[in-house]
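Hi,

Here is the model I said I would pass on. Have a look at it first, and then read my notes underneath.

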Amino acid sequence: MDGGYVGDPIPYFYGVARNVLREYVKKRPIEPLPLPDPPREEDYQCLERCLEQLTPKNRELVLEYYGLEKKAKIGHRKQLAERLGIRLNALRIRMHRIRENLQRCMEKCLELTKTR
């Protein structure tokens with residue numbers, strides 16, 4: 001290096017590259033995410049049908065699990081797990097499985113409503 005630089009050049013080049021990346025990200029325009037379509041009446045009907053197909057215990061669990069929002073839901077979900085005698089992570093796993101079943105049911109139901 002002719003400029004009298006002493007030391008390992010790798011950290012210097014890494015720092016320059018990091019700053020170039022920061023400038024690039026700063027100047028890049030942010031593209032807004034598209035808004036989802038508002039729910040239709042068919043969506044609600046399918047959801048009701050799919051909820052009815054769950055066992056009463058699972059239907060009650062889903063409605064209770066998703067019943068509250070923001071900070072209130074965190075404490076409520078902890079209480080729900082305690083009441084069921086399971087850990088919070090086990091409750092999340094159980095809800096994930098129920099949600100997968102609901103999603104499959106919703107996809108089938110919505111597909112049927114499109115063909116009608």
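Below is what I found, going from the overall fold to the charged side chains.

First, a caveat: this is a predicted model.

**Overall fold**

The chain has five helices and zero strands, so from the N terminus the order reads α-α-α-α-α. The radius of gyration is 26 Å, whereas the globule rule gives 13 Å for 116 residues, so the chain is more spread out than a compact globule. Along the principal axes, the C-alpha atoms take up a box of roughly 80 × 45 × 20 Å. Just to put a figure on burial, 19% of the 116 residues count as buried.

The accessible surface is about 10,200 Å², and carbon and sulfur atoms account for 57% of that. As for contacts between residues at least 6 apart in sequence, 53% of them join residues at least 24 apart.

**Charges and salt bridges**

There are 24 positive and 17 negative side chains, and the centres of the two sets are 6 Å apart. The structure holds four salt bridges, and here are some of them.

Arg 40, Glu 42 and Asp 43 are linked in a network. Within this network, the closest N and O atoms of Arg 40 and Glu 42 are 3.9 Å apart, and for Asp 43 with Arg 40 the figure is 3.0 Å. Arg 40 is partly exposed, because its relative accessibility is 38%. Glu 42 also counts as partly exposed, at 32%.

Another salt bridge to look at joins the side chains of Glu 64 and Arg 83, at 2.9 Å from N to O. This pair links distant parts of the chain: Glu 64 sits in helix α3 (residues 56-65) and Arg 83 in helix α4, 19 residues apart. Arg 83 counts as exposed, since its relative accessibility is 52%.

**Arg 77**

Which side chain of opposite charge is nearest to Arg 77, and how far away is it? It is Glu 69, at 9.4 Å, and Arg 77 is buried yet has no salt bridge. Arg 77 belongs to helix α4, which covers residues 70-84. Setting aside neighbours within four places in sequence, Arg 77 is in contact with Tyr 65, Tyr 66, Leu 88 and Leu 91.

When you open the model, Arg 77 and the Glu 64 and Arg 83 pair are the places I would like you to look at.

Cheers

Note on methods
Residues numbered from 1 in each chain as written. Predicted model: local features only at pLDDT ≥ 70, side-chain atom pairs only at ≥ 80, totals over all residues. Heavy atoms only, no water. Helix = DSSP H or I, 4+ residues; strand = E, 2+ residues; numbered from the N terminus. Rg over C-alpha atoms; globule rule 2.2 N^0.38 Å. Buried < 20%, exposed > 50% of the residue type's maximum accessible area, 1.4 Å probe, protein only. Contact = heavy atoms within 4.5 Å. Areas by Shrake-Rupley, 256 points an atom, 1.4 Å probe, with all protein chains shown as cover. Lys, Arg positive; Asp, Glu negative; His and termini not counted. Charge placed at Lys NZ, Arg CZ, Asp CG, Glu CD.
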